[in-house]
Amino acid sequence: MQKIDNDTYIVGGNSVVSFSGAAKGASAEPHSVAKINASATDSNNWCNWGDDNQYPKRLMEKVAMVGAALGGLEVLTSAHYGLGLKVFELIETEGDAEFREKIPSSEPDIYDFFDRTQFELVLSDLVADFECFGIAFPEFLLSPNGEEIISVSRQQAGFCRFEKPKNGMIENIYINSAWGETDFNEKDTIKVRCFGQNLSMQEIKDYCKAKKISKFIVPIVNTLMIEKVYPSVGWHSSFKNGWMDVVLSVPELKKRMFEQQFNFKYMIHIADDFFTHRYGKDEWAKFDGELKNKLREELVNSIDTEMTGNKGSGKSLISPFFRDKNSGELIKGIQIEEIKQTQAGGDFLPDASAGNSEILFSMGVDPALLGAGVPGGKNLSGSGSDKREAWTILCARLPRKHARTLWVFRLIQKWNNWNKDLVAKFPNINLTTLDKNPNGQVAVKN
């Protein structure tokens, strides 16, 4: 913690806490300090998310059209949330220790809070925001005396913007569902106080009491590298570098090809000598042009009806030959020629496949988890072992993410004086073979 002036301290990279009066006795342990400067593209009172403040919207509009991105994002979110929030107690057993799940009746205060606030649904939504944008915005509501957190809710990440920093410090979150839209009105924007995750519970609690704050947001922010405010999520690289555009361009290109090509299956050639032979030379000469065209169409329709589909199976078409009077060459009365469908192949599909792989690789999702094999591999759908090991590896990488999203429970636990020995986790399923477990799965407490 670094003192800025007589009454203000900056803590972390995106929060400020001012202590006065009764709050001055709060803990003052050292924290890392990172000053934030306003960007030239920021407008009004908030920091733009993207150059035009429309980054979340533009990202999700494109993701919604790319199957690999939607599927990969669902895998990430499902793996992160696992079997849902479970509360455990660390128990020593014969010199070792294990986590034992607590049943609702053993911790009524906690599970009553879960039921009253729909806590598991809130966490599920926060996890979805975190996996999608690398940031989530839980809002905490305090009791009138500030001694208890009585509710927690999720503010949609795409609707939230950080306040423009003042002296390098961000104090509030602005919330509006119409950023950049024609009906946007700054008067409709809600402003809520925010604090950083690097603050202790006691620091936040003392400040809220001193300033009579009844609700606040603690953004769950993924690690910032060179970013100032909003995190850059790894898998967004496929959105920024154009791979999603490549994947989307293939179906559009194929669609245009099919729309512009001829879709005739057969070309039917009928010599005029066929009709003079059928109706007689003198009689055919008496027919006017309209009748001749009608007879030609009737013949073609008859061939279509009798020779196509199951009805034409095994049938034969008899067509007479005629000899040209001048050259003496034979002329076929009726000739059916098949037209090749030049665009019916798999042109450009390898490009789409490469794009899908790039999207999934940036997400850290093995294609086998979505029913595809490793590009270039022999098994194009992924084997059972591929899927099982891919899921195990993905789940093994989650504790770092859990440390941030489960912090929501940890803050409430400390604030409400719940049992300090309890630990919240997102257990998951570890898939195995039936010879090792009849159910083919084992619960793992990451």
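This passage looks at how the nonpolar residues of the chain are arranged, inside and at the surface.

The model is a predicted one. Its chain runs to 446 residues, and 40% of them are buried. In terms of secondary structure, there are 14 helices and 19 strands. A good share of the contacts link distant parts of the sequence: for pairs with a separation of 6 or more, residues 24 or more positions apart account for 64% of the contacts.

Now for the inside. In soluble globular proteins, nonpolar side chains tend to be buried together. Here, the largest nonpolar core has 42 residues. The members with the most contacts inside this core are Phe137, Phe162, Ile173, Trp235, Met244 and Met363. Helix H2, covering residues 67-81, is the top contributor, putting in six residues. There is also a second core, separate from that one, with 39 residues; Leu126, Leu142, Val152 and Trp407 are among them.

Met244 is worth a look in its own right. Leaving aside residues up to four places away in sequence, Met244 touches Lys62, Val63, Val66, Ala69, Trp235, Ser238, Phe239 and Ile359. One of these partners, Trp235, is listed with Met244 among the core residues with the most contacts.

As for the outside, the accessible surface adds up to about 24900 Å², and carbon and sulfur atoms hold 50% of that. Tyr266, Leu317 and Ile336 together make a nonpolar surface patch of about 270 Å². Of these, Ile336 sits in strand S16, which spans residues 334-338. Ile336 has a relative accessible area of 39%, so this residue counts as partly exposed.

Methods
Residues numbered from 1 in each chain as written. Predicted model: local features only at pLDDT ≥ 70, side-chain atom pairs only at ≥ 80, totals over all residues. Heavy atoms only, no water. Core = buried A, V, L, I, M, F, W, Y, C linked by side-chain atoms within 4.5 Å. Buried < 20%, exposed > 50% of the residue type's maximum accessible area, 1.4 Å probe, protein only. Helix = DSSP H or I, 4+ residues; strand = E, 2+ residues; numbered from the N terminus. Contact = heavy atoms within 4.5 Å. Patch = residues over 30% accessible without salt bridge, like charges linked within 9 Å, V, L, I, M, F, W, Y side chains within 5 Å. Areas by Shrake-Rupley, 256 points an atom, 1.4 Å probe, with all protein chains shown as cover. Salt bridge = Lys/Arg side-chain N within 4 Å of Asp/Glu carboxyl O.
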